[in-house]
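Reader: I'm new to this kind of picture. Could you show me how to read the place where a ligand sits?

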Amino acid sequence: MKVFFLAAEAEPYVKVGGLGDVAGSLPHALQEISSPDDFEIRVAIPFHGVIQQQPPPLKFLTTLQIAHYPQPLQAQVYEVEHTPVKTYFISGTPFTRDAPVYSSDTSLDGLKFTFFSLASLEFIQAIDWQPDVVHANDWHTAPALYALLVKHEDFFRHTARVITIHNLPYLGHGAAEALTEFGLPPALNSPLPSWAQQLPLPLGIHAADRIIAVSPTYAKEIQTADFGAGLEEYLSSRQADIVGILNGLDLKTWDPATDAYLAYPYDLRRLSQKVENKRVLFEDLGWKPLPDAPLIGMVTRLDYQKGIDIAIAALRQLKDIPWQAVILGTGNPALEQAVYQLQLEIPDRSRAILRYDPKLSHRLYAAADLLLIPSRYEPCGLAQMIAMRYGTLPIGRATGGLRDTIIDDGNPYASTGFLFQNPQSDELEATIRRAIQIYPNRRAWRAMQRNAMAQDFSWTRSAKAYLSVYQDVVQEKMLYSVSKGVHL
Ligand code: ADP
């Protein structure tokens with residue numbers, strides 16, 4: 001089986017968000033669980049400015065002409081050297097050295113990513129590597145699937161189309177003109193709602209044989225009005241093609257036993273070392289621990305999606321019980337201001353650290369007792385998985401991947417964290433109280449930490465699920481071709 005995997009970003013070359021984690025890890029995990037004789041996956045990402053500034057060792061492969069109105073555009077393709085999964089970078093006029101990975105100019109991004117999607121298909125055809133599956137991710141690479149559907153190229157006649165939705169509300173607004181310039185017509189007679197017939201993600205979903213959401217709960221949620229971004233009815237009609245697969249965690253990066261950022265690495269058997277990490281964090285911050293106060297951490301983009309306002313409102317209501325909080329995050333200026341305001345109000349209880357700081361994030365995951373994730377929606381979420389691996393109990397809203405990864409049984413001995421239902425501060429407040437009541441019960445707390453640390457968040461588990469989707473869809477395509485009398 002041959003799989004061509006397209007994404008806007010992939011670690012270790014370029015990472016802006018969770019998509020970069022997935023595209024960096026999943027193809028390797030898939031290749032690792034498969035025999036190279038039976039399965040090969042190849043990855044293509046854009047040769048973004050940030051990669052051009054510090055490229056890995058590369059081999060130039062070819063130049064291609066991509067059909068575009070009013071004139072064709074040239075694409076250059078490079079292959080990354082010395083990597084177990086063949087990885088291509090595709091560049092061209094839209095990818096300048098100083099262009100950001102994602103720009104606030106949506107029509108520019110529309111042009112960039114439509115160009116990238118079509119150049120990827122052109123390239124794979126030029127080297128005659130006929131994929132059984134093209135796997136696109138989010139709106140940026142969705143045009144590739146739509147092109148496969150509408151262009152009917154003989155080369156791709158047996159190619160199945162798979163899309164993963166990492167974040168549904170980003171539909172690709174602003175790309176309509178680019179789609180037309182690259183010869184992709186609106187899907188006027190499709191069952192998509194009319195407003196979605198010229199938007200990349202809906203078109204990619206429409207073209208896909210399988211639609212993967214990044215958690216089983218998110219797979220259901222996107223079929224409802226609260227989470228469906230207007231596509232809920234269409235998505236419900238495709239229910240049979242929708243699969244939920246949780247992302248994995250990079251267990252090498254996130255391992256408290258070997259984490260080079262930690263002053264005191266620890267594991268299940270040396271959990272008491274966590275306290276030492278807490279002591280060091282307070283020293284680093286020049287802050288005084290309050291007696292018997294659990295440390296609540298937040299490591300997050302400061303965005304309304306993440307329920308930062310809900311967290312602040314809940315913490316304000318909790319001045320009668322002991323706790324301290326460190327909020328590490330950047331993003332929306334109004335939310336940055338609100339987090340800082342909380343520190344001004346209660347400086348002995350709350351600290352705001354308004355920057356992106358990987359080292360501090362590792363040290364905070366290790367030092368904290370609880371991690372707050374009150375998201376309004378959370379397709380999968382990594383923070384709660386990281387927290388559990390570090391023996392830090394998550395308090396999350398029961399949505400998307402939070403619901404699927406945090407076990408809150410009511411009984412601490414059978415739980416890994418705490419869940420609340422609605423994105424409202426009084427519910428979060430009650431849940432923090434529930435957690436802080438258990439905190440002094442060392443036996444129960446330890447049991448929860450052990451349960452949390454024993455969870456399997458490996459990519460291997462996710463990769464097996466993806467592999468079975470590929471197998472299903474390829475078989476389906478084959479049966480369809482046979483029934484249509486297409487020569488295989
Ligand atoms: P999302 O992808 O929606 O931002 P996730 O929970 O899936 O949320 O992933 C967020 C990742 O970014 C986690 O690895 C988290 O530790 C990291 N992160 C978020 N904010 C910061 C920050 N200010 N400093 C360091 N790491 C951060």
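Reader: Which ligand atom does the backbone of Asp357 meet, and at what distance?

Author: Look for a polar contact, a pair of N or O atoms within 3.5 Å. Here a backbone N or O atom of Asp357 is 2.9 Å from a nitrogen atom of the ligand. Arg355 also has a backbone N or O atom 2.9 Å from a ligand nitrogen. With Lys306 it is the side chain: one of its N or O atoms is 2.8 Å from a ligand oxygen.

Reader: How much of the ligand's accessible area does the protein cover?

Author: Such areas come from the Shrake-Rupley method with a 1.4 Å probe. On its own the ligand has 570 Å² of accessible area, and the protein covers 88% of that.

Reader: How many residues surround the ligand?

Author: A residue counts as near if one of its heavy atoms lies within 4 Å. There are 18 around this ligand, with Arg301, Lys306, Arg355, Asp357 and Tyr365 among the closest. By type, the shell holds nine nonpolar, five polar and four charged residues; Ala, Val, Leu, Ile, Met, Phe, Trp, Tyr, Cys and Pro count as nonpolar, Asp, Glu, Lys and Arg as charged, and the others, Gly among them, as polar.

Reader: What should I keep in mind about the model and its numbering?

Author: This is a predicted model, where local features need pLDDT of at least 70, side-chain atom pairs count only at pLDDT 80 or more, and totals for chains, interfaces and linings use all residues. Residues are numbered from 1 along each chain as its sequence is written, and side-chain values use heavy atoms, leaving out hydrogens and water.

Notes
A polar contact is a pair of N or O atoms within 3.5 Å; within protein, one must be able to donate a hydrogen and the other to accept it, and residues adjacent in sequence count only if both atoms are side-chain atoms.
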